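This report covers two annotated domains, one buried-or-exposed question and one surface patch. Please look over the sequence and the structure first.

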Amino acid sequence: MDPSLVKIPPLRDLTIDNITENVILINSLCEDARMKYVLERLVTHLHDFARETRLSFDEWMAGIRFLTETGQICTDVRQEFILLSDVLGLSLLVDSIDHPKPPNSTEGTVLGPFHTHEAPQMSHGDSMSQDTAGEPLLVVCNIKDRTGHPIPGVKIDIWETDSTGHYDVQHADRSGPDGRCVMHSDAKGEFWFKAIKPVPYPIPHDGPVGKLLKKLHRHPYRPSHMHFMFEKEGYDHLITSLYLRNDPYETSDAVFGVKDTLVVDLGVVDATIAAKYGVKEGTLLMTYDFVLVTDAETKALREHNSQVALDKLGRKVKIVNGLPIPDLD
């Protein structure tokens, strides 16, 4: 960049007290108002963190090494940075901010590090698990809008672990996807499939995130759950999970994913349901009524929540493209 073509603000003599305003000043040339605002707040909080903790050089270097190791262990099927975000509660926080849910709608939760795009397309009634050691489970659900009308043609991405608590991608000798599938809701907004009863399992803890948890005296376990992701044009993208009630880790999920509205009791298939869905009587049964929210509803609620939250912080902002930026008018 030719300095003669850009009016760069001169930096003042740098001290602990003025370094923050100088960094914000030099970043102020950015023409993207949202990016400039995000960087201004990031720098402010990072610098305040260093000042408040009186961060030492050795601690700073330990943090750099930790982040470096986190990146080095990432692969196409293992996202350690998502895992780090999960165990710090950031993933759930971001989802709750970006995908707020009005009353009487299904809440979202964390994506987790093991979603893939290689799940096979399946029809209603198919079995997504080939694990013969797992306890058979019939899942029968429906999808509606907030007025109670069924939503047909929703793409549903579903995934869970095997009976040992491992996702398919964690097995080095796997021959293809298992314990996951994609299907679409029918004309009545319904979908159903065969799976196995979810089991609790530890998140990967052989890397930097696991070392962090051990240092914090935290366990790496997640309660028994099944993942669901819903997509349809005109509706807010929903990532959620259903958790089994009374799981030993229900109240101490390592990634903070459990919400009361997503905790379910398993039932048992009776003779009528067995005949209707072609499973054995006595099979475990999971049912749930998912309620999706329109894009317009989510956008309006997100903007309202942002304005209220930032007003409380005393920050004068305006909403542009659904996101806050400083209001300089």
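The text below takes up the domains, then two residues and their surroundings.

The model is predicted: local features need pLDDT of at least 70, side-chain atom pairs count only at pLDDT 80 or more, and totals for chains, interfaces and linings use all residues. Residues are numbered from 1 along each chain as its sequence is written, and side-chain values use heavy atoms, without hydrogens or water.

UniProt, in unreviewed entries, lists two domains, whose annotations may be inferred rather than shown by experiment. Helices (H or I, at least four residues) and strands (E, at least two) are DSSP runs.

| Domain (UniProt) | Residues | Helix | Strand | End C-alpha distance |
|---|---|---|---|---|
| Catechol dioxygenase N-terminal | 32-104 | 74% | 0% | 37 Å |
| Intradiol ring-cleavage dioxygenases | 112-292 | 8% | 31% | 21 Å |

N142 lies in strand β1, residues 136-144. Is N142 buried or exposed? N142 counts as buried because its relative accessibility is 16%, and buried means under 20% (1.4 Å probe, protein chains only). Its side chain makes a polar contact of 2.6 Å with that of D289; such a contact is a donor-acceptor pair of N or O atoms within 3.5 Å. Leaving aside residues up to four places away in sequence, N142 touches G189, E190, Y288, D289 and F290, with heavy atoms within 4.5 Å.

L14 sits in the segment before α1 (19-27). L14 counts as partly exposed because its relative accessibility is 44%, between the 20% and 50% limits. With I8, L11, I26 and L29, L14 makes a nonpolar surface patch of about 420 Å². Patch residues have over 30% relative accessible area and no salt bridge (Lys or Arg side-chain nitrogen within 4 Å of an Asp or Glu carboxyl oxygen), and nonpolar side chains are joined within 5 Å.

Technical notes
Patch = residues over 30% accessible without salt bridge, like charges linked within 9 Å, V, L, I, M, F, W, Y side chains within 5 Å. Areas by Shrake-Rupley, 256 points an atom, 1.4 Å probe, with all protein chains shown as cover.
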